[in-house]
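Colleague: I would like to go through this model feature by feature, hearing for each one the general idea and then the case at hand. Could we start with the basics?

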Amino acid sequence: MHTTPEQILARLKHYSGVDATVLFDWFGLQNEIKWHCKYACQNGIHVSPTFILNGLVQHDIGSSDSVADWAKRLLA
């Protein structure tokens, strides 16, 4: 409850080695998020989680799928 976004990003870096702070410091992030939200609404997405890969809604993949399944779809 008392963890700040900066602390969460530090934990992510500690556990995964991925430094995502650069992404959140990006000036255009807010506009990018707004664009993605508008695009999702235009495609009938009103409930999360729904995933879009390469601009297409993917109804057959979700957060419960394995990393291997995600990698196969992303690299296809």
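Modeller: Helices and strands are DSSP runs, a helix being H or I over at least four residues and a strand E over at least two, and both are numbered from the N terminus. By that reading the chain has four helices and two strands, and along the sequence they follow the pattern α-α-α-β-β-α. This is a predicted model, in which local features need pLDDT of at least 70 and side-chain atom pairs count only at pLDDT 80 or more, while totals for chains, interfaces and linings use all residues. Residues are numbered from 1 along each chain as its sequence is written, and side-chain values use heavy atoms, with hydrogens and water left out.

Colleague: How does the radius of gyration of the chain stand against that of a compact globule of 76 residues?

Modeller: The radius is taken over C-alpha atoms, and the globule rule is 2.2 Å times the number of residues to the power 0.38. For a compact globule of 76 residues one would have a value near 11 Å, whereas the chain has 15 Å. Along the principal axes, the C-alpha atoms fill a box of roughly 35 × 30 × 25 Å.

Colleague: What percentage of the residues of the chain count as buried?

Modeller: Buried means under 20% relative accessible area, exposed means over 50%, and partly exposed lies in between, with a 1.4 Å probe and protein chains only. Of the 76 residues, 13% count as buried. One residue to look at here is Gln58, in strand β2 (residues 56–58), which is buried with a relative accessible area of 12%. Glu6, by contrast, lies in helix α1 (residues 5–16) and counts as exposed at 66% relative accessibility.

Colleague: Which residues is Gln58 in contact with, leaving aside its neighbours within four places in sequence?

Modeller: Contact means heavy atoms within 4.5 Å. With those sequence neighbours left aside, Gln58 is in contact with Phe51, Leu53 and Arg73. For the chain as a whole, among contacts between residues at least 6 apart in sequence, 0% join residues at least 24 apart.

Colleague: How should separation in sequence be read beside separation in space?

Modeller: Take C-alpha distances for a few pairs. Glu6 and Phe24 are 18 residues apart along the chain, and their C-alpha atoms are separated by 9.8 Å. Lys34, which lies in helix α3, is 14 residues from Ala20 in sequence and 19 Å from it in space, C-alpha to C-alpha. Asn43, found in the loop between α3 and β1 (51–53), is 12 residues along the chain from Asn31, with 19 Å between their C-alpha atoms.

Colleague: How many aromatic pairs does the count come to?

Modeller: Rings of Phe, Tyr and Trp (its six-membered ring) pair if their centres lie within 6.5 Å, and planes under 30 degrees apart count as stacked, over 60 as edge-to-face and the rest as tilted. The count comes to one aromatic pair. Trp35 and Tyr39 form that pair, which is stacked, at 5.2 Å centre to centre with 10° between the planes. Both residues lie in helix α3 (residues 29–42), four residues apart, about one turn of the helix.

Colleague: Why do Trp35 and Tyr39 count as partly exposed?

Modeller: The class follows from the accessibility cut-offs. Trp35 counts as partly exposed because its relative accessibility is 48%, and Tyr39 because its relative accessible area is 24%.
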